[in-house]
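Reader: Can you take me through one part of this structure? I'd like to go piece by piece.

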Amino acid sequence: MVAKAKTPAHRSAAVGAALPHDSAHLHVTGRASYTDDLPEPRGLLHLAVGMSPVPHAKLGAIDLTDVRSAAGVVDVCLASDIAGANNFGAIVADDPIFAADEVLYAGQCIFAVAAETVDAARKAARKAKIEFDELEAILDPLTAVAKSSFVLPSETMLRGDPDAALAAAPQRASRRVYVGGQDQFYLEGQIAMAIPQDDRCLLVYSSTQHPDEVQSLVAHATNRQASDVTVVCRRMGGAFGGKESQAALIACVAAIASDKTGRACKLRLDRDDDMIMTGKRHDFVIDYEVGFDDSGRILGIDFEMASRCGMSADLSGPVNDRAMFSCDNAYFLENVRILSHRCKTNTVSNTAFRGFGGPQGMFAIEYVIDDIARTLGKDPLEVRRRNFYGKNDRNVTQYLQTVEDNIIDEIFDQLLVSSDYVSRRAEIQAFNAGSAILKRGIAITPVKFGISFTNTLLNQAGALVHVYKDGTVQLNHGGTEMGQGLYIKVAQVVADELQIDIGKIRIMAADTSKVPNASATAASSGADMNGMAAKKAAGKIRARMTEFAASHFAVAEADVVWRDNQVRAGKDSLSFTELVQLAWANRVPLSATGFYKTPKINYDRSTFSGRPFFYFAYGAAVTEVIVDTLTGENRTLRVDILHDCGDSLNPAVDLGQIEGGYVQGVGWLTTEELVWNDRGQLSTHAPSTYKIPTCSDLAPDFRVEIMQSVANVENTIYRSKAVGEPPLMLALSAFQAIRDAIASDANPMPDLRAPATPESILNALENAADE
């Protein structure tokens, strides 16, 4: 028998607690190790890449004599040095690691230099002499549509009879809208370090959201099997989608150079090269025609979307699909046609970015709603509510998924009161009537965002949990940490499953040798899937230990109670650590895997129908701005946000995601402008020319609240909801507030493009004056 332990102090539940990020103490002291901080093996070589200066050309002679002879250079790598496949495209094999015969964008990688120092490699890369036979370049999506230049076939989603609805509608409106792209501008740039191992194995440290994909593509490029390549990522200094597919290029270059030189190799892009070489959020040109009644209800709508995909498919297929899924936002569209063009241009191949096409689709419908309201002389709030999805009717999306968890009306009801929207709108109208130059605007916009990968097979996750003899736990799973707080959330789940303090859990790096075949940490699904997988793994160990305790203490399993770092078996009580030691001594396995696949989802892409999303996350924001109509300069004055996180796993982390998502969205829609010159070269490739929001851009009055007492109706991990991507779309209220500020009796529907930079605002005002 085991002596009874002292009654411990009550252990607070980990799930639902506002715990700090697991690496917060390392972040603030500068001790968090990123890939570039890891100890460098003896003999490590540093890499730099040589890029094309032209957007489209046949490659002529490549003279690397001066590159090879430059100080510190050890070797160079070209397409001819690739032992396996010259491709890092995961879905479509159309993304060469090194251009071989043709370059397709300014910035495309042609060769890599391996040198003893970073500076030596970068200086040498500039010494190449390459002949280019330039070809016609397509530099924008409208030209691509005119020339039928597409990376993938155009797709159409049709529901109802939009042509008949438009023809019969008492009111109609149409417009072409423009919404720009966005650079991910992660703090830690793209980086990978490849280290040779025994028997042709390779260890790759990669700043990636998708270690499994990096493993697979490195294996293919170097003519290895996946089991010969191990990819590790403890943390990233931001990613936002930019390290989902793009990280594979960096890792493949490092691996190819490592193979050729027989030495460890590291490629770290500097900021300029990073922004020039790697993909961004897709910019869209969207035409719409809408028919509506005198109350503002949409009767029929026709969208035609053209997105700049760049020179290859990358993730443009699912990104554009998501834009088609999201162009309803929170509104019921009974008769709708959506034509989506995936345009091939001679610019960098665009890729994932927080929201993954959803923000662009929502931007379109919010512009439509605003135009309807202004056509009818109504408050856009009224038109939004008139078109919301219903609870029991008007509740089927254009892809035929029934919306079963709709809480957007409840969110609006609460936010309208807490933001004092109605009286503030009246006060703003009075202010504008007396102010000729400075104009204020206000807008409220909703968010309904589907959660799951739209490719059903990706909705799976694995975990590996070890319990050691001293009662400590090692937690492994397939998710990656990019600052979003995934690792602390999953640790909270395991702590509660084992009823131990979270300090007993050591969170390990994402490692393909520990958890295989993991999906990318993307689609806001990281906590949903990895949390469930880890809970199942920990649950297996708890079940084994419960079975053992019941047998050992001769009680029923139902009488074995886990609580507060203790396990009580009938009248006997012992600490978690004591039970671990006893179980180990009796040869009970204390390691387990867990696996989770998202239930209920199904989707037939050939018909664009099914249930691609497990559930929806909701939110709404009210933004107030002031605009100087002489200069176009503007400021956000106040923000009110109410967001749905279900039963939050960690309110502190979720609050940070909501705040950060909104601010990043405001950057996309107001300041972050990507500019290519007529030579197809990106002009905005550094902080000096590309403006992300800073602390000084924040609203002085910034109010954020998490919706309380609304659990997820679906059986997610502790009934929580995803919070990575949905808050970004709350920033649509900022764009619409600017549009509200510059609207006038003479110009009720200003033709404002996003991003709404001062130049864009002045153009909208001047175009109206010219009409």
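Author: Start with helix α14, in what is a predicted model. Helix α14 covers residues 486-498, 13 residues in total, and spans 19 Å from first C-alpha to last. That is close to the 18 Å expected at 1.5 Å a residue.

Reader: How many of the residues in α14 are buried?

Author: 13 of its 13 residues are buried, so the helix is mostly covered, with buried meaning under 20% relative accessible area.

Reader: And what follows α14?

Author: Gln499, which has a positive phi near 55°.

Reader: Switching to strands. Is β18 enclosed or open, and why?

Author: Strand β18, residues 473-477, is largely enclosed by the rest of the structure, because five of its five residues are buried.

Reader: Which residues sit on each side of β18?

Author: Val473, Leu475 and His477 are on one side, and Gln474 and Asn476 are on the other. Both faces are covered.

Reader: How many bridges join β17 to β18, and which way do the two run?

Author: Five bridges, and the strands run antiparallel. Strand β17 is residues 460-467. Val465 stands opposite Leu475 in β18. The hairpin of β17 and β18 has five residues between the strands, and Gly471 there takes a positive phi near 85°.

Reader: What about β18 and β19?

Author: Three bridges join β18 to strand β19, residues 505-507, and this pair runs parallel. Leu475 has Ile507 in β19 as its bridge partner.

Reader: Which way does the crossover from β18 to β19 turn?

Author: The chain goes from β18 through α14 to β19, and this β-α-β crossover is right-handed.

Key
Residues numbered from 1 in each chain as written. Predicted model: local features only at pLDDT ≥ 70, side-chain atom pairs only at ≥ 80, totals over all residues. Heavy atoms only, no water. Helix = DSSP H or I, 4+ residues; strand = E, 2+ residues; numbered from the N terminus. Expected span 1.5 Å × (residues − 1). Buried < 20%, exposed > 50% of the residue type's maximum accessible area, 1.4 Å probe, protein only. Pairing = 2+ DSSP bridges. Right-handed = clockwise from strand over helix to strand, strands pointing away.
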